[in-house]
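Here is a short tour for anyone who would like to get to know this protein from the bench side. Take a look at the model first, and then we can walk through it together.

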Amino acid sequence: MISKLHYISTEKKDKNHLLHIQEACEAGCRWIQLRAKNIETEEYIALAKKAKVITDLHNAILLINDRPDVAKAVNADGVHVGKEDILPSEARAILGEGKIVGGTANTIEDIQRLYEFGVDYIGLGPFRFTQTKKKLSPILGLEGYLSLLDECKKRGIDTPIIAIGGIETKDVESILATGIYGIAVSGLIANAEHPDKVVLALEQELQHQSTI
């Protein structure tokens, strides 16, 4: 079961990935993606092992961004691959069956490609400008989501699609109204004074939309 709320880790001067993941898990997030950039393999594995301890304690899913080798080394639940990263099929071959493989998309061609690879979910974005990711793809906005999801219906693509990129609490209702499966956030939780309240509000909105 793919969660409707994904948290993607970030790092700041006063808080590292682990502290953010700890806070997100304590706030109620149960789907965590560790996204550490410009880091050596051994350091990434060491970081991922510590993240796995936290997510296991909270019965949360742990995915590793970009690196199926790291995910395999720490027995993570899966991997998320970007448009310019390893192919989903290669990632699955490394991880083996039973693990989650997600991918990033920005266009209908991206979505079609990931669908044909058989990914478990698709992260579609960015919704708006975000500073948490370099080499940002073209902004989609609500019109972009509506158009792409409509095309997915025409093509019979039923892979869960997760909205990502600069999403704020005020955006969630309108994004979900497009028919999107769920949302992925980073700064919205990491920067919150009370992450638990943010997560509760997001979960309530996600639950409300799923019953409409």
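## Two asparagines in loops

Let us start at the surface: N59 is exposed, with a relative accessible area of 67%. This asparagine belongs to the loop that runs between α2 (41-57) and β3 (61-65). Its backbone deserves a glance too, since phi of N59 is near 55 degrees, a positive value in a residue other than glycine.

N75 also has a positive phi, near 55 degrees, and it is likewise a residue other than glycine. You will find N75 in the loop between α3 (68-73) and β4 (78-81). With a relative accessible area of 48%, N75 counts as partly exposed, because the exposed class begins over 50%.

## The overall build

Please keep in mind that this is a predicted model. The protein contains nine helices and eight strands. Its radius of gyration is 16 Å, close to the 17 Å that the globule rule gives for 212 residues, so the protein is as compact as a globular protein of that length. The C-alpha trace spans about 45 × 40 × 30 Å along its principal axes.

How are the contacts spread along the chain? Among contacts between residues at least 6 apart in sequence, 53% join residues at least 24 apart.

## Surface and charge

Of the 212 residues, 50% count as buried. The protein exposes about 10,600 Å², and carbon and sulfur atoms supply 50% of that area. On the charge side, there are 25 positive and 30 negative side chains. The centres of these two sets lie 2 Å apart.

## The nonpolar cores

In soluble globular proteins, nonpolar side chains tend to be buried together. Here the largest nonpolar core has 60 residues, and I32, L34, I64, I111 and I183 touch the most other members. Not counting residues up to four places away in sequence, I32 touches Y7, I21, A24, C25, T55, A60, I61, L62 and L63. There is also a second, separate core of nine residues, with I8, L63, I100 and Y121 among them.

## Two buried residues in helices

H17 sits in helix α1 (residues 17-27). Is this histidine buried or exposed? H17 has a relative accessible area of 6%, so it falls under the 20% limit and counts as buried. Apart from residues up to four places away in sequence, H17 touches S9, T10, E11, L34, R35, A36 and L47. One of these, L34, was named above for its many partners in the largest core.

C152 is part of helix α6 (residues 141-155), and at 3% relative accessibility it counts as buried. Leaving aside neighbours within four places in sequence, C152 is in contact with I108, I111, I157 and I161. C152 and I39 are 113 residues apart in sequence and 36 Å apart in space, C-alpha to C-alpha.

## A glycine and a cis proline

G28 lies in the loop between α1 and β2 (31-34). This glycine is partly exposed, with a relative accessible area of 25%. Which residues does G28 contact, leaving aside its neighbours within four places in sequence? They are V199 and E203. G28 and D196 are 168 residues apart in sequence, yet 6.7 Å apart in space, C-alpha to C-alpha.

One last backbone detail to look up is the peptide bond from G125 to P126, which is cis, with omega near 5 degrees. P126 is in the loop between β6 (121-124) and α6.

Technical notes: Residues numbered from 1 in each chain as written. Predicted model: local features only at pLDDT ≥ 70, side-chain atom pairs only at ≥ 80, totals over all residues. Heavy atoms only, no water. Helix = DSSP H or I, 4+ residues; strand = E, 2+ residues; numbered from the N terminus. Rg over C-alpha atoms; globule rule 2.2 N^0.38 Å. Buried < 20%, exposed > 50% of the residue type's maximum accessible area, 1.4 Å probe, protein only. Contact = heavy atoms within 4.5 Å. Areas by Shrake-Rupley, 256 points an atom, 1.4 Å probe, with all protein chains shown as cover. Lys, Arg positive; Asp, Glu negative; His and termini not counted. Charge placed at Lys NZ, Arg CZ, Asp CG, Glu CD. Core = buried A, V, L, I, M, F, W, Y, C linked by side-chain atoms within 4.5 Å.
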